[in-house]
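Please examine the sequence and the structure shown below before reading on. The explanation then leads from the interior to the charged side chains.

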Amino acid sequence: MLFCPNGDFVKNNPGIISEIAAKGHEIESHGYSHKSLTGLSDSEVRNEIRLAKNALYSAIGKTSTLLRPPNGRYDERIQRLAAEEGMRYLILWSVDTSDWATTRYGVTITTQYVIDEAVTKATQSGIILMHMHSSKTMEGLPTILKRLKDAGYSFVRISDMVQ
């Protein structure tokens, strides 16, 4: 699995990030403070990327090369600045489980909703967006993984997908 925590979370929880990495999961950048990058100046964008990269390097000794921009918001300027800061790819998703929300589009987001979104909208080479702070994801993930495996899906590393 790919985890893209905010840099401030990494800085404040290096042990958790080290444990996730030690279990073989990929850890990449989500910026530092979850600010929408498109609303920031060039120097602020660079700072968000650099601070997050430094926090990850301090926690796991790895330099991040993938960026999941907060809220999925980016433009050509963000792509250029990210590339100049060593980010090879911006990573988005094909399925948003809405696990971060209480309600969305007039629907109450429950664990079952998260499970159903992940399983019914999954595609080959797809990326399912879930958040590590969501209790709905924590409760639903074992079911999601089992159902996707039973449906014939396999799981690969993002770094293998983008090469």
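The paragraphs that follow treat the nonpolar core and then the salt bridges. The model is predicted, and local features are described where pLDDT is at least 70.

The largest nonpolar core consists of nine residues: Leu37, Leu40, Val45, Ile49, Leu67, Ile78, Leu81, Ala82 and Met87. Two elements, helix H3 (42–60) and helix H4 (76–84), give two or more residues to this core. Of the contributing elements, H4 gives the most, with three residues. One core member, Ala82, can be followed through its contacts: when residues up to four places away in sequence are not counted, Ala82 touches Ile49, Leu67, Met87 and Leu90.

The charged side chains form a second theme. Across the whole structure, a search finds 12 salt bridges. One of them pairs Asp42 with Arg77, and the closest N and O atoms of this pair are 2.6 Å apart. Because Asp42 belongs to helix H3 and Arg77 to helix H4, the salt bridge ties together parts that lie 35 residues apart in sequence. With a relative accessible area of 32%, Asp42 is partly exposed; Arg77 is also partly exposed, at 22%.

Asp42 takes part in a further salt bridge, with Arg80, in which the closest N and O atoms are 3.9 Å apart. This pair likewise links distant parts of the chain, as Arg80 is in helix H4 and Asp42 in helix H3, 38 residues apart. The relative accessible area of Arg80 is 39%, so this residue counts as partly exposed, the class between the limits of 20% and 50%.

Another connection to helix H3 comes from beyond H4. The side chains of Glu85 and Arg46 meet in a salt bridge with an N to O distance of 2.7 Å. Glu85 is located in the loop between H4 and strand S4 (89–90), whereas Arg46 is in helix H3; the two are 39 residues apart, and the pair links distant parts of the chain. Is Glu85 buried or exposed? Its relative accessible area is 12%, which lies under the 20% limit, and Glu85 is therefore buried.

These pairs belong to a wider arrangement. Through salt bridges that share partners, Asp42, Arg46, Arg50, Arg77, Arg80, Glu84 and Glu85 are joined into one network. Helices H3 and H4 thus appear in both parts of this account: each gives two or more residues to the largest nonpolar core, and the salt bridge between Asp42 and Arg77 ties one to the other.

Notes. Residues numbered from 1 in each chain as written. Predicted model: local features only at pLDDT ≥ 70, side-chain atom pairs only at ≥ 80, totals over all residues. Heavy atoms only, no water. Core = buried A, V, L, I, M, F, W, Y, C linked by side-chain atoms within 4.5 Å. Buried < 20%, exposed > 50% of the residue type's maximum accessible area, 1.4 Å probe, protein only. Helix = DSSP H or I, 4+ residues; strand = E, 2+ residues; numbered from the N terminus. Contact = heavy atoms within 4.5 Å. Salt bridge = Lys/Arg side-chain N within 4 Å of Asp/Glu carboxyl O.
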